[in-house]
Amino acid sequence: MTVALRALSAGYRRRTVLHEITANLPGAAVTAVVGQNGSGKSTLLAVLAGVVKPSAGSIEHASRRIGFVVQRSAVSDTLPITVRETVAMGRWSHRGPWRRLSRHDWAVVDDCMARLDVLDLARRPLGELSGGQRQRVLVAQGLAQEPDLLLLDEPESGLDAAAQRRIAGVISEVAASGITVVQATHDLAAASRADHCLHLEDGRLREAP
């Protein structure tokens, strides 16, 4: 499933962050969105997720379900929720927040936790986890949505080498299974592993580094 951006502009209130972005993101592949802090990476993901509406231009894709994994710093330390409950929230798009999860739903949750090596943390409060553990939990939540478009905001930033390898491996597996992945990063090593790259600078598209 490809994603087409056509003269896309977006921002917040009166401030434009993205300026006339035109690009094609390949399906069943990993696209890295590269740029410094403030370049518009997170805004682009938010637009793709439908959280921020474009002020001009358009997005074209046939996604039935979008998984959006935010940075771990965006999740409060004080949430009274366990790891398993956090990942289970990824099933709400299938069942709704107030319906009990089925046996299949819980099997998906446990499988996603196992893929990110956090199954043994299932009963731990989310706020007690290290940064690397929490990021892996959030990626597991994104996978639990069973998306066809997976958006990841700096999923490997600030993590130790083992956590980075685990997340990078899962991202590759997900794309190989047919899911379109868009990953925001300022890490050129992570970008070099991607199949496709967009380079943002001050909200404008530049050539890939």
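Helices (H or I, at least four residues) and strands (E, at least two) are DSSP runs, numbered from the N terminus. In those terms, Gly-50 sits in the loop between α1 and β4 (56-60). The model described here is predicted. This briefing covers its six-stranded sheet, the helices α1 and α5 that pack on that sheet, and its largest nonpolar core.

**The sheet**

- Six strands form an open sheet in the order β5-β6-β7-β3-β8-β9, and their pairing is mixed.
- At the edges are β5 (66-69) and β9 (204-206), each of which pairs on one side only.
- From one strand to the next, the twist averages 20 degrees.
- Strands β6 (residues 149-153) and β7 (residues 180-185) run parallel and are joined by five bridges.
- Within that pairing, Leu-150 has Val-181 of β7 as its bridge partner.

**Helices on the sheet**

- Helix α1 packs on the sheet and touches β3 (30-34), β5, β6, β7 and β8 (196-201).
- The direction of α1 makes about 155 degrees with that of β6.
- Helix α5 (residues 131-144) also packs on the sheet, where it touches β5 and β6.
- Between the directions of α5 and β5 the angle is about 170 degrees.

**Edge strand β5**

- In a regular strand the side chains alternate between the two faces of the sheet.
- Strand β5 shows such alternation: Gly-67 and Val-69 point to one face and are buried, whereas Ile-66 and Phe-68 point to the other and are not buried.
- Four bridges pair β5 with β6 in the parallel sense.
- Phe-68 is placed opposite Leu-151 of β6.

**Helix α1 and the loop after it**

- Lys-41 belongs to helix α1 (residues 41-49).
- Lys-41 has a relative accessible area of 6%, so it is buried, the cut-off being under 20%.
- Leaving aside residues up to four places away in sequence, Lys-41 touches Val-33, Val-34, Gly-35, Gln-36, Glu-154, Ala-184, Thr-185, His-186 and Leu-200.
- Gly-50, in the loop between α1 and β4, counts as exposed because its relative accessibility is 56%, and the cut-off for exposed is over 50%.
- Gly-50 and Ile-66 are 16 residues apart along the chain, and their C-alpha atoms are separated by 9.0 Å.

**Nonpolar cores**

- In soluble globular proteins, nonpolar side chains tend to be buried together.
- The largest nonpolar core has 39 residues, of which Val-87, Leu-116, Leu-150 and Val-181 touch the most other members.
- Two or more residues of this core come from each of β3, α2 (83-88), α4 (103-115), α5, β6 and α6 (161-176).
- Leu-150 touches residues that include Gly-67, Val-69, Leu-143, Val-174 and Val-181, not counting those up to four places away in sequence.
- A second core, separate from the largest, has 21 residues, among them Ala-23, Ala-46, Val-182 and Leu-198.

**The α5–α6 pair**

- Two packed helices are described by the angle between their axes and the distance between the axes.
- For α5 and α6, the packing angle is about 10 degrees and the axes are 10 Å apart.
- The two helices α5 and α6 are therefore roughly parallel to each other, as angles under 35 degrees count as roughly parallel.
- The crossing of α5 past α6 is left-handed.
- On the α5 side the contact is made by Gly-132, Gln-135, Arg-136, Val-139 and Leu-143.
- On the α6 side the contact residues are Ala-163, Arg-166, Ile-167, Val-170 and Val-174.

Definitions and conventions: Residues numbered from 1 in each chain as written. Predicted model: local features only at pLDDT ≥ 70, side-chain atom pairs only at ≥ 80, totals over all residues. Heavy atoms only, no water. Buried < 20%, exposed > 50% of the residue type's maximum accessible area, 1.4 Å probe, protein only. Contact = heavy atoms within 4.5 Å. Pairing = 2+ DSSP bridges. Axes fitted to C-alpha atoms, helices over the stretch in contact; angles between N-to-C directions. Core = buried A, V, L, I, M, F, W, Y, C linked by side-chain atoms within 4.5 Å. Parallel < 35°, antiparallel > 145°, perpendicular 65-115°, else oblique. Left-handed = near helix turned anticlockwise from the far one by under 90°.
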